[in-house]
Amino acid sequence: TVISTGFTAATGDLYIGKTLFVASGTHKGEGGRLVTDYDGATKRLTVDPALTGALTAGDKIVLVG
């Protein structure tokens, strides 16, 4: 799953190895997704395994680790 974020960090791969949890929105409670890539230019995270569906604007995520 590729997730567009509002992150400001431009450094690629900055969040690799962190664990993503969904804190609000339709997929609230999903978690334990490993961040496998972060593109600093597009501000997109890639996580594995995939979420059950796409996040929408306003959903909140938390990165741990």
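In which loop does Pro49 lie? Pro49 belongs to the loop between strand S4, residues 44–48, and S5. Good morning, colleagues. Please bear in mind throughout that the structure shown is a predicted model.

Let me stay with Pro49 for a moment. The peptide bond that joins Asp48 and Pro49 is cis, with omega at about 0 degrees. Both residues reappear in the surroundings of Arg33, to which I now turn.

Arg33 is found in strand S3, which covers residues 31–39. Leaving aside residues up to four places away in sequence, Arg33 touches Lys18, Thr19, Leu20, Val47, Asp48, Pro49, Ala50, Leu51 and Thr52. Is Arg33 buried or exposed? Arg33 counts as buried because its relative accessibility is 12%, and the limit for that class is under 20%.

The partner of Arg33 is Glu30. A search of the whole structure finds one salt bridge, and the side chains of Arg33 and Glu30 meet in a salt bridge at 3.0 Å, N to O. Glu30 has a relative accessible area of 14% and is therefore buried as well. The charged side chains of this pair thus meet, with Arg33 buried and Glu30 buried.

I move next to strand S2, residues 19–22, where Phe21 is located. Which side chains of S2 point to the buried face? Leu20 and Val22 point to one face and are buried, whereas Thr19 and Phe21 point to the other and are not. Phe21 has a relative accessible area of 35%, so it is classed as partly exposed.

Strand S2 has two pairing partners to consider here. With S3, the pairing is antiparallel and runs over three bridges; within it, Leu20 stands opposite Arg33. With strand S5, residues 61–64, the pairing is again antiparallel, over four bridges. There, Phe21 stands opposite Val62.

That last pair leads to the surface. Which residues make the nonpolar surface patch? Phe21, Val62 and Val64 make it, and its area is about 220 Å².

Let us now consider Leu45, in strand S4. Leu45 counts as buried because its relative accessibility is 0%. Not counting residues up to four places away in sequence, its contacts include Val2, Ile3, Phe7, Tyr15, Leu20, Val35, Tyr38, Ile61 and Leu63. Thr1, Thr5 and Asp37 are also touched by Leu45. Leu20, from the buried face of S2, is thus among the residues that Leu45 touches. As for spacing, Leu45 and Ile16 are 29 residues apart in sequence, with their C-alpha atoms 8.7 Å apart in space.

Finally, I would draw attention to the backbone at two loop residues. Asp13 is in the loop between strand S1, residues 2–4, and S2. Its phi is near 65 degrees, a positive value in a residue other than glycine. With a relative accessible area of 45%, Asp13 is partly exposed. Lys43, in the loop between S3 and S4, also has a positive phi, of about 65 degrees, although it is not a glycine.

To close, I return to three places in this predicted model. The cis peptide bond is between Asp48 and Pro49. The salt bridge joins the side chains of Arg33 and Glu30. The nonpolar surface patch is made by Phe21, Val62 and Val64. Thank you for your attention.

Conventions. Residues are numbered from 1 along each chain as its sequence is written. This is a predicted model: local features need pLDDT of at least 70, side-chain atom pairs count only at pLDDT 80 or more; totals for chains, interfaces and linings use all residues. Side-chain values use heavy atoms; hydrogens and water are left out. Patches are made of residues with over 30% relative accessible area and no salt bridge: like charges are joined within 9 Å, nonpolar side chains (Val, Leu, Ile, Met, Phe, Trp, Tyr) within 5 Å. Accessible areas come from the Shrake-Rupley method with a 1.4 Å probe; for residues, only the protein chains shown count as cover. A salt bridge is a side-chain nitrogen of Lys or Arg within 4 Å of a carboxyl oxygen of Asp or Glu. Buried means under 20% relative accessible area, exposed over 50%, partly exposed in between (1.4 Å probe, protein chains only). Contact means heavy atoms within 4.5 Å. Two strands pair if DSSP finds at least two bridges between them.
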